[in-house]
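User: I would like to go through the reasoning behind a few labels in this model. Please show me the structure before we start.

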Amino acid sequence: MPMPRPAALPCPCQSDHPYSACCQPAHTGERPPASAEALMRSRYSAFALGLGDWLLASWHPSTRPATLEADEGAAPKWIGLQVVDHRQIDADHAIVEFVARCRIGGRASRLHETSRFVREDGQWLYVDGELHER
């Protein structure tokens with residue numbers, strides 16, 4: 001069970017805003033993310049905070065897994081996010097390229113992905129992503 005994050009702490013997505021004014025409203029259902037980038041940031045924060053329910057809820061049903069299976073090894077500790085690009089394709093489609101850094105068992109790792117998002121019924125959803133090789 002994830003530990004609650006004090007709302008006054010900086011948001012894990014490194015937006016320079018407190019968690020209470022950034023990703024927390026999405027995580028609690030108070031306010032949906034206003035853009036694909038905001039959704040991607042809320043998903044990163046959800047990974048960092050262990051909010052699997054939010055990850056599944058923000059995933060498009062056509063590509064969403066039934067569950068989030070944890071790897072058998074050490075869980076990643078998410079330590080940084082850099083948004084490289086955010087492009088609005090049209091009113092309901094966008095892509096976000098990002099680099100997320102983590103530590104797994106003390107070793108540094110990074111995930112570089114270009115993610116696709118779609119807006120349905122006013123809600124942005126993650127569809128899928130293309131990983132970039134180093």
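**Labels and the values behind them**

Analyst: This is a predicted model. Strands E3 (residues 107-120) and E4 pair in the antiparallel sense over eight bridges.

User: What makes E3 and E4 a pair?

Analyst: Pairing takes at least two bridges between two strands. E3 and E4 have eight bridges, so they count as paired. As for single positions, Val118 has Leu125 in E4 as its bridge partner.

User: Why is the sheet called open?

Analyst: Its four strands run in the order E1-E2-E3-E4, with antiparallel pairing. E1 (77-90) and E4 (123-131) each have a single partner strand, so both stand at the edges, with one side lacking a neighbour in the sheet. From one strand to the next, the twist averages 25°.

User: Which helix lies across these strands?

Analyst: Helix H2 (residues 36-49) lies across E1, E2 (93-104), E3 and E4. H2 runs at about 160° to E1.

User: Why is Arg41 called buried?

Analyst: Buried means under 20% relative accessible area. Arg41 has 16%, so the label applies. Arg41 lies in H2, and among the residues it touches are Cys13, Cys23, Leu81 and Val83.

User: How do you know which element gives the largest share of the lining of the largest pocket?

Analyst: By its residues: H2 supplies seven, the largest share. The whole lining has 38 residues, with Phe47, Ala48, Leu55, Pro76 and Trp78 nearest the pocket's centre. The lining divides into 24 nonpolar, eight polar and six charged residues. The volume of this pocket is about 1,100 Å³.

Key: Residues numbered from 1 in each chain as written. Predicted model: local features only at pLDDT ≥ 70, side-chain atom pairs only at ≥ 80, totals over all residues. Heavy atoms only, no water. Helix = DSSP H or I, 4+ residues; strand = E, 2+ residues; numbered from the N terminus. Axes fitted to C-alpha atoms, helices over the stretch in contact; angles between N-to-C directions. Contact = heavy atoms within 4.5 Å. Buried < 20%, exposed > 50% of the residue type's maximum accessible area, 1.4 Å probe, protein only. 1 Å grid on protein atoms, 1.4 Å probe; cavity = no way out; pocket = protein on both sides within 12 Å on 5 of 7 lines; lining within 4 Å. Points joined across faces, edges and corners; volume = space filled by probe spheres on them. Nonpolar A, V, L, I, M, F, W, Y, C, P; charged D, E, K, R; others polar. Lists of a residue's contacts leave out its neighbours within four places in sequence.
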